[in-house]
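Student: I keep meeting labels for residues and never know where they come from. Can we go through some of them together?

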Amino acid sequence: MNHEASRARPKRSCVEIEESRAWMGFYRRVGQDPVMAAEVMAQLEADPMMKRNHLALYLCCKQSLRTHKATAARNRRIGQFVRWLFHGVFVAPALALRHMLRQGGDIAVECLPPTANEPAATQVKRLKKAPEFAQAQSSFEAQASVPKDAPSATSGEPSKPNAVSQTA
């Protein structure tokens with residue numbers, strides 16, 4: 001009897017045994033690899049008979065994809081918080097300091113006392129001592145002492161530059 005019971009079960013071929021091992025490998029890998037889970041799920045959805053035979057694998061794939069999606073969303077939130085924190089701790093104070101220094105420089109320049117002498121004044125004094133410039137200045141002063149009462153013979157226009165001639 002014992003011998004007959006063992007004969008009732010058909011003997012599996014090597015291909016069926018390897019196929020069974022491959023499916024068992026999928027059960028292990030879909031939990032860690034969302035890409036593998038998506039591919040297996042697509043294959044199972046394409047064949048309803050295969051989906052019915054391996055329903056647990058299909059559900060494991062769905063769970064793996066859901067978990068991966070939640071993990072990615074959590075990582076995005078953490079990354080966003082870290083960027084916000086980095087900006088608040090390092091970037092914002094640096095920008096504020098740069099802005100304050102830019103305004104502070106303008107304020108510091110305005111706080112300086114006015115300069116006592118014009119920078120060009122020393123150059124003028126040095127040029128006055130030069131002989132050719134001294135001669136030019138004396139000739140200029142001689143021309144300035146000529147009275148302005150005498151009318152100019154070169155122009156027949158009125159002496160006032162803003163006067164408008166009336167023609168009727």
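Tutor: Sure, let's begin with a rule: a residue is buried under 20% relative accessible area, exposed over 50%, and partly exposed in between. Keep in mind that this is a predicted model.

Student: Okay, so why is Val 89 called partly exposed?

Tutor: Its relative accessibility is 45%. The partly exposed class lies between 20% and 50%, so Val 89 belongs there. As for its place, Val 89 lies in helix α5, residues 55-111.

Student: And what makes Val 89 part of a nonpolar patch?

Tutor: A patch takes residues with over 30% relative accessible area and no salt bridge, with nonpolar side chains joined within 5 Å. Val 89 has 45%, so the area cut-off is passed. The patch on the surface also includes Ile 78, Phe 81, Val 82, Trp 84, Leu 85, Phe 86 and Phe 90. Together the patch residues have about 840 Å² of accessible area.

Student: Let's stay in helix α5. Is Ser 64 buried or exposed, and how do you know?

Tutor: Buried: Ser 64 has a relative accessible area of 8%, and the cut-off is under 20%. Ser 64 is found in helix α5 too. Not counting residues up to four places away in sequence, Ser 64 touches Val 30, Gly 31, Pro 34 and Ala 37.

Student: What class does Leu 59 get, and why?

Tutor: Leu 59 is partly exposed, because its 49% is not over the 50% that exposed asks for. Leu 59 sits in helix α5. Its C-alpha atom is 10.0 Å from that of Ala 37, and the two residues are 22 apart along the chain.

Student: Which label fits His 54, and why?

Tutor: His 54 has 17% relative accessibility, which is under 20%, so His 54 counts as buried. You'll find His 54 in the loop between α4 (48-53) and α5. Leaving out residues up to four places away in sequence, His 54 touches Trp 23, Tyr 27 and Leu 44.

Student: Now the inside. What makes a group of residues a nonpolar core?

Tutor: The members must be buried residues of certain kinds, Ala, Val and Leu among them, joined through side-chain atoms within 4.5 Å. The largest one here has 10 residues: Trp 23, Val 30, Met 36, Ala 37, Val 40, Met 41, Leu 44, Leu 57, Tyr 58 and Cys 61. Both α3 (34-46) and α5 supply at least two residues of this core. The biggest share comes from α3, with 5 residues.

Student: What does Met 36 touch?

Tutor: Met 36 is in contact with Phe 26, Arg 29 and Val 30, leaving aside neighbours within four places in sequence.

Student: How many residues of the whole chain count as buried?

Tutor: Of the 168 residues, 9% count as buried. The chain exposes about 15300 Å², and carbon and sulfur atoms supply 60% of that. There are 7 helices and 0 strands.

Student: Why is the pair Arg 21 and Glu 18 called a salt bridge?

Tutor: The rule asks for a side-chain nitrogen of Lys or Arg within 4 Å of a carboxyl oxygen of Asp or Glu. Here the N to O distance is 2.8 Å, so the pair passes. The count of salt bridges comes to 1.

Student: Where do Arg 21 and Glu 18 sit?

Tutor: They are 3 residues apart in helix α2 (residues 14-29), which means about one helical turn separates them. Arg 21 has 53% relative accessibility, over 50%, so Arg 21 counts as exposed. Glu 18 has 46%, so Glu 18 is partly exposed.

Student: Last one: why is there no disulfide at Cys 60?

Tutor: Two cysteine sulfurs have to be within 2.5 Å. The closest cysteine sulfur to that of Cys 60 is in Cys 61, at 7.0 Å, so that is too far for a bond. The count of disulfides comes to 0.

Student: And how exposed are Cys 60 and Cys 111?

Tutor: Cys 60 has 30% relative accessibility, so Cys 60 is partly exposed. Cys 111 has 61%, over the 50% cut-off, so Cys 111 is exposed.

Terms used
Residues numbered from 1 in each chain as written. Predicted model: local features only at pLDDT ≥ 70, side-chain atom pairs only at ≥ 80, totals over all residues. Heavy atoms only, no water. Buried < 20%, exposed > 50% of the residue type's maximum accessible area, 1.4 Å probe, protein only. Patch = residues over 30% accessible without salt bridge, like charges linked within 9 Å, V, L, I, M, F, W, Y side chains within 5 Å. Areas by Shrake-Rupley, 256 points an atom, 1.4 Å probe, with all protein chains shown as cover. Helix = DSSP H or I, 4+ residues; strand = E, 2+ residues; numbered from the N terminus. Contact = heavy atoms within 4.5 Å.
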